[in-house]
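These are my notebook entries on one protein chain. I set down what I looked up, entry by entry.

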Amino acid sequence: MLTPRERIIETASLLFHQQGYNSTGINQIIKEANVAKASFYQHFKSKDDLCLAFLSTRHEYWFSELMTYISESNGTKKRILAAFDFIIYMNEKENFRGCSFLNTLSEISIEQVAILSVIQSHKKDLRLFFEKELGQELLSAHIYLLFESSIIGSQLYKSNELVEKSKLIVDNLILIMEQRHPLPPFTLETAKQKIQMAEDAWNSQNPERVSMAYTLDSEWRNRNLFINGRQEIVLFLANKWKNELDYKLKKEYWSHTDNRIAVRFEYEYRNKEGKWFRAYGNENWEFDENGLMQKRYACINDLEINEADKYL
């Protein structure tokens with residue numbers, strides 16, 4: 001059995017959807033929730049306070065439903081496409097209700113900053129969801145915008161047609177963004193090309209750029225560290241180049257098979273105390289069918305050198 005507070009929020013949610021926020025009065029909510037006026041004001045000082053509680057409840061419900069819906073989908077692409085299927089699921093469940101947050105946004109004034117803040121927080125969490133899943137800021141922003149427009153378009157036309165078309169666009173976007181030529185199986189020429197691309201990227205000292213060459217769930221062993229996924233790669237590299245200054249790297253081909261490449265490398269850097277080092281190492285790389293590195297195992301040893309002995 002629902003408490004009076006829960007009945008008020010549930011009733012407000014239904015009425016806000018059916019009539020709009022501004023067209024729904026407190027007295028109607030009190031009547032249809034079957035609560036006393038004193039009980040209403042015990043829980044909510046104003047209609048805006050009720051709106052904040054409604055949006056907070058809706059946020060928790062919506063994300064819980066989303067996570068449950070995509071939980072059985074394995075792999076990044078399948079989880080993203082399942083998120084779009086979730087729009088269809090909610091449209092059928094709630095009769096094309098649309099986004100409660102955007103619906104409310106269209107009715108509030110510029111003075112209702114507390115409500116606006118809750119709406120912005122919800123959308124920020126949605127953007128972070130896509131960023132976490134995809135690990136690419138530009139791609140995740142693109143797909144987030146497609147997701148939002150799919151909700152609005154389906155609500156407008158009372159149809160899931162645009163959601164289905166968005167899924168096709170997303171499928172192609174991920175495929176394009178996730179391919180990194182040259183693709184396996186490698187020849188001697190393309191293996192060396194892959195090595196040169198890696199050398200150029202690492203010498204840029206741009207963690208985001210480097211991370212794009214790896215799968216979203218790429219597995220690393222770097223010295224004694226175990227690193228998993230693009231987000232951890234970016235964090236690791238950002239910290240690395242804060243401490244390894246004036247970094248310069250050279251990679252060389254060692255051997256290759258269809259989807260694996262072995263590399264020897266050396267790089268020079270100075271630490272924050274001004275001491276110079278040359279690091280020597282070997283790497284084993286394994287690539288997926290899209291040319292992204294899914295495994296990287298690196299053994300590295302450092303040798304302190306004099307600045308005058310640098311040659312890279």
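**Entry 1. Cysteines.** I began with the definition that a disulfide is a pair of cysteine sulfur atoms within 2.5 Å. I kept in mind that the model is a predicted one. How many disulfides does this rule give? I recorded a count of zero. I then looked at cysteine 51, which takes part in no disulfide: its nearest cysteine sulfur belongs to cysteine 99 and is 12 Å away. Since a disulfide requires the two sulfur atoms to be within 2.5 Å, I did not list that pair. Is cysteine 51 buried or exposed? I noted cysteine 51 as buried, because its relative accessibility is 0%. Cysteine 299 I entered as partly exposed, because its relative accessibility is 42%.

**Entry 2. Nonpolar cores.** I looked up the largest nonpolar core and found that it has 50 residues. Which residues have the most contacts inside this core? I wrote down Leu50, Phe84, Phe130, Ile143 and Phe147. I next listed the elements that give two or more residues to this core: helices H1 (4–19), H2 (26–33), H4 (47–70), H5 (76–94), H7 (113–134), H8 (137–157) and H9 (161–178). I followed isoleucine 143 further, leaving aside residues up to four places away in sequence. Isoleucine 143 touches Ile80, Phe84, Phe130, Leu134, Val170, Leu173 and Ile174. Apart from the largest core I found another one, of 28 residues, which includes Ala201, Ile233, Phe265 and Met293.

**Entry 3. Salt bridges.** I noted that the structure holds 17 salt bridges, and I examined several of them.

I turned to arginine 79, whose side chain meets that of glutamate 133 in a salt bridge, at 2.8 Å from N to O. This pair links distant parts of the chain, with arginine 79 in helix H5 and glutamate 133 in helix H7, 54 residues apart. I marked glutamate 133 as buried, because its relative accessible area is 14%.

I then took the salt bridge between glutamate 252 and arginine 264, in which the closest N and O atoms are 3.1 Å apart. Why does this pair tie together parts that are twelve residues apart in sequence? I reasoned that it does so because glutamate 252 lies in strand E3 (residues 245–256) and arginine 264 in strand E4 (residues 260–270). Glutamate 252 is partly exposed at a relative accessible area of 34%, and arginine 264 is partly exposed at 25%.

I also looked up glutamate 286, which meets arginine 260 in a salt bridge of 2.7 Å, N to O. Here too the pair links distant parts of the chain: glutamate 286 is in strand E5 and arginine 260 in strand E4, 26 residues apart. Glutamate 286 is buried, with a relative accessible area of 11%, whereas arginine 260 counts as partly exposed at 47% relative accessibility. I closed this entry with Asp85, Glu164 and Lys167, which are joined into one network by salt bridges that share partners.

**Entry 4. A surface patch.** Which residues make the nonpolar surface patch of about 370 Å²? I recorded Tyr280, Leu303, Tyr311 and Leu312. I placed tyrosine 280 in strand E5, which covers residues 276–287. I entered tyrosine 280 as partly exposed, because its relative accessibility is 32%.

Definitions and conventions:
Residues are numbered from 1 along each chain as its sequence is written. This is a predicted model: local features need pLDDT of at least 70, side-chain atom pairs count only at pLDDT 80 or more; totals for chains, interfaces and linings use all residues. Side-chain values use heavy atoms; hydrogens and water are left out. Patches are made of residues with over 30% relative accessible area and no salt bridge: like charges are joined within 9 Å, nonpolar side chains (Val, Leu, Ile, Met, Phe, Trp, Tyr) within 5 Å. Accessible areas come from the Shrake-Rupley method with a 1.4 Å probe; for residues, only the protein chains shown count as cover. A salt bridge is a side-chain nitrogen of Lys or Arg within 4 Å of a carboxyl oxygen of Asp or Glu. Helices (H or I, at least four residues) and strands (E, at least two) are DSSP runs, numbered from the N terminus. Buried means under 20% relative accessible area, exposed over 50%, partly exposed in between (1.4 Å probe, protein chains only). A nonpolar core is a set of buried Ala, Val, Leu, Ile, Met, Phe, Trp, Tyr and Cys residues joined through side-chain atoms within 4.5 Å. Contact means heavy atoms within 4.5 Å.
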